[in-house]
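Grab a pencil and work through these exercises with the model open. Each one sets a task and then walks through a solution.

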Amino acid sequence: MDDLLREFLTETTESISLLDLELVKLEQNPNDPELLSNIFRLVHTIKGTCGFLGLPRLEAVAHASENILGRVRDGELTVTPAAVSLILESLDRIKGLLSVLEQTEAEPAGEDGDLIQRLNALAEGAASAAPAAAEQSLPVVEALAPVEAEETPAMSAAPIAEPEAAPAPALVSEEALAESKPAGKSLAAEVVEAKESTVAMQSIRVGVDVLENLMTMVSELVLTRNQLLQILRSQKDTEFTTPLQRLNHVTSELQEGVMKTRMQPIGNAWSKLPRLVRDLSHELSKKIDLQMLGAETELDRQVLELIKDPLTHLVRNCADHGLEGPADRKKAGKPDTGRITLNAFHEGGHIVIEISDDGRGLPLDKIRAKALANKLATETEIAAMTDQQVMQFIFKAGFSTAAQVTSVSGRGVGMDVVRTNIEKIGGTVELKSRPGKGTSFIIKIPLTLAIVSALIVECGGERFAIPQISVLELVRAAPGSESTIERINDASVLRLRNRLLPLVSLRELLHLDDGKVDESKRSSGETFIVVTQVGNYTFGIMVDRVFDTEEIVVKPVAPILRDVGMFSGNTILGDGSVIMILDPNGIAEASGGQGHAETAHAAEELAGPATHENERVTLLVFRVGGGTPKAVPLSLIARLEEVDGKSIEFGDGRPLVQYRGKLMPLVPVDATYETKREGRQPILVFTDGSRSMGLLVDEIVDIVEERLSIEMSAKRPGVIGSAIVSGKATDIVDTGHYLIQAYPDWFGNMDRQGARAASDGKRLLLVDDSPFFRNLLAPLLSTAGYEVTTAESADQALGLCEAGRDFDVIVSDIEMPGMDGFQFAETVRKNSRWQETPLVALTSRTAPQDIDRGRQVGFTDYIAKLDREALLRTLSETTGSARGAA
Amino acid sequence: MKDKSMDAGLTEESREYVTMTVADQLFGIPVLTVQDVLGPQRITRIPLSPPEIAGALNLRGRIVTAIDVRRRLQLPARSADTSSMSVVVDHKGELYSLIVDAVGEVMSLPADSYERNPATLDPRWREVSGGIYRLKGKLLVVLEVARLLEMRRADAA
């Protein structure tokens, strides 16, 4: 027999016995809403499953009963014995049908028109409000038992007893019913017993907690077995050898057996999908074919429950976003029926589920635009990303935008939730997409959450377990060998196949240093690097030694240790020792900018409390010649490249390089710089629209996030000023200066939008407390043709207002000490000479509520800091329109 | 915060305690809360944990968190050559092993020798003490296990 059918029979037989009881209870407590909704739910489920399995007779009967219950629930019908018995009768009919179904695996022929008609009559009875004849309830009660007896005309008319019309008789009828009930019940019980489902007998329902408990006990047994085996290995020829080996095998089988009780075919999680896809295809007017492969692949029921929702969401996404309509498909030369494929299979200790469609693929351009609109990244950052990186945006929280929400998708479960849920159970999601060919999501999850495979490592004399699923590879690094650990300032990195892998020292992270190992010995010795992946972040964990992988039973850490975020649990190894399980997520989080954060704080403390800038800026630090390191905000850089010195050519006496099919001018940081003719030449690439330029540097040192305060402003061209970066005095480079060297009309480039004309001679007031931004933006804006005045606080700006200065546009920061940007805007808008002057907010606070607030207080526009192009465009639009209006 | 067995015990004639010494002070824990008494164990250090937590150990397949009672009571650390013992207690379904200098016998202590904490007791001790028993020649401090395991985060940091 079909598994699905067998399960249906078991479940429905149970539901019906339950319903028998519940209906009787309802008759006695007609006003218990909880009871009623429980009954409704049970009948509804039966109806739903029948419909799903294609059992029309059962479905029709269940549906008619549900109708009555629905009306009762909505208060349109009152519970009467007549109604209850009629429903009980229909349950008996369902039982009869089920027993035939069980024997023949098909519904018996015939139809239930009479019963359904009576059920419907009862349901409609409410609407017709037939006068209640209370006396009639009594015969109805008597009519409870034999099915044949109910074939009376009295029943088919089944009037509703209206309590207020005849309260007393109704009461009598209830009492009578209560008496007659046990008899009726026992009769029903006999009937049920007689045809007690044989299928139901073959399976036992066991509480999940019983299984969980069993699993825990088995886990303990496995651990004990491992310990015994360990002892056995150290002792030769003992009498324990044979019995221990038997114990070993029995334990393994027991473990497998218990695991099996928790295993369910993944098809169970898929069972609702065909219906979902069918409905979707109607709703979306698309032709969709759902293919399910490997439905019999089994996995732990706990895991199964947890992936149900993510799977449903992914399939829904495929149908809604992935697949094209039939017309579009034909145009693209594909069959008009789109295909969604689910494929599950085992791989190692994991189960892999692929959800793929043959649709249009991810619209990369749209994703880029949306990421920009949602301020998830700046334009330059996006331009520097690979397609694969761009795709990852769909996993970002709040990425689904209004444009995407249809009745089908956008129901509040975003892709970010899908990913979080999968990662929560130690799984990973991969995404592959080819334009025009389709998209596939590859989910990899552990078979069970209870036992995981882990890599055992040692560091600082302690052993730790790292879940195998996060480990990509192991690298041995030793001085003089192929792989060496290099240091950039305080950060360790490893060159791994032409990529720099950031390294995290487990020793430092966990404060494992207790003086046992001295520094010199450590740095000379070999180090093992566990290349670990968390989401898209790949990093290396430096450890002293690597042992085997072991199957471990994850146990939660004691509650008093929950605050230590670095461990996901602990376990007992084969040798009986306790070992902590490292949480790669926690490590990735803790290590993100670890060393730098400390130096940044130190620098801030040095700078004293007078500095107000709390904006953290990511800076790229590089060297040119000797002397002071230089830095530039990373967000201004489109790409970091290395070109072969030989490929640098000269045109018009200036160095050029062929870059992406075009000539890109290269600009030295200062005129004395000698372009390399040999070896690798690192360059920083700046782009704007279709133009690019490269800044020649000697060495890219580091990328740091700093609270920047410019300590000294410089008079030298090309330098904004100096600041402490990573504890060293560093020149902050004025990119504007070099951009103009490469293309004298770089900022005038805006001309193509008619911006230059609009900006020419426009008076602009820049209010920003951060000297860094004032110094960065003022030259940029003045090169773009504005006449720039700066103010370092709102008060100073208002002073200019009172002094009678006029401006064509005001650009203001939001977060400022004293009066902030919102208050400033309010003051300006309320009553000042600048009431009509366009106000543009320039801020790192770009949450929707901030933007709303900004608009409310009177900002004309709202721009993310460091989005140079957006700023210039907005300014030209704003001033242009202001002039038009004037 | 008093545990149930304690309340029950006070109304009876006498109560049984497992006695132990930490830095020459006698302590007692109600015998029913004690699961095990262990000799020196192999303890796995837990990095980044509060200093009172000595680590974790394996007790017949269960992971037990070890608490260094000396550290917890802010007493000087045990010298390296002296051995230690542990008393394993159950607290809210989790096992904890209290590392002490030595574990003594089980004593039945009469209720009339019980007294509340003297007002002059060090506040750090008062916090974990459930009262004092007057014994011949010495005093026994009743350790309140629940309070002992309630570590203030400020201390831990």
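**Exercise 1.** Work out how helix 2 of chain A and helix 3 of chain A are oriented to each other.

*Solution.* Start with the angle: in this predicted model, helix 2 (residues 33–53) and helix 3 (residues 56–73) of chain A pack at about 155 degrees, with their axes 9 Å apart. Axes here are lines fitted to C-alpha atoms, for helices over the stretch in contact, and angles run from 0 to 180 degrees between N-to-C directions. Next, use the cut-offs: under 35 degrees is roughly parallel, over 145 roughly antiparallel, 65 to 115 roughly perpendicular, and the rest oblique. Helix 2 and helix 3 of chain A are therefore roughly antiparallel. The crossing of these two helices of chain A is left-handed, meaning that the near helix is turned anticlockwise from the far one by less than a right angle (clockwise would be right-handed).

Now for the residues. Helix 2 of chain A contributes, among others, Leu36(A), Phe40(A) and Val43(A), and helix 3 of chain A brings residues including Leu58(A), Ala62(A) and Leu69(A). A contact needs C-beta atoms, placed from the backbone, within 7 Å. Sorted by class, this helix contact has 10 nonpolar, 6 polar and 4 charged residues. (Nonpolar covers Ala, Val, Leu, Ile, Met, Phe, Trp, Tyr, Cys and Pro; charged is Asp, Glu, Lys and Arg; the others, Gly among them, are polar.)

A word on ground rules: residues are numbered from 1 along each chain as its sequence is written, with chains lettered from A and ligands numbered from 1 in the order written. As the model is predicted, local features need pLDDT of at least 70 and side-chain atom pairs count only at pLDDT 80 or more, while totals for chains, interfaces and linings use all residues.

**Exercise 2.** Find the edge strands of the open sheet of chain A with the order 2-4-5-7-6.

*Solution.* First, the sheet has 5 strands and mixed pairing. Strands (E, at least two residues) and helices (H or I, at least four) are DSSP runs numbered from the N terminus, and two strands pair if DSSP finds at least two bridges between them. Strand 2 (287–293) and strand 6 (428–434) of chain A each have a single partner strand, so one side of each lacks a neighbour in the sheet. Neighbouring strands are turned by 15 degrees on average, direction ignored. Then look at what packs on the sheet: helix 13 (residues 273–284) of chain A touches strand 2 and strand 4 of chain A, and its direction makes about 165 degrees with that of strand 2.

**Exercise 3.** Describe the surroundings of strand 11 (residues 139–143) of chain B.

*Solution.* Check burial: 4 of its 5 residues are buried, so strand 11 of chain B is largely enclosed by the rest of the structure. (Buried means 20 or more other C-beta atoms within 10 Å of a residue's own, exposed 12 or fewer, partly exposed in between; C-beta atoms are placed from the backbone.) Then trace the partners. Strand 2 (residues 25–30) of chain B pairs with strand 11 in the parallel sense over 3 bridges, with Gly28(B) bridged to Val142(B). Strand 10 (residues 129–134) of chain B runs antiparallel to strand 11, joined by 4 bridges. Ser129(B) stands opposite Leu143(B). Finally, inspect the turn: strands 10 and 11 of chain B form a hairpin with 4 residues between them, where Gly137(B) has a positive phi of about 80 degrees.

Terms used: Two residues are in contact if their C-beta atoms, placed from the backbone, lie within 7 Å.
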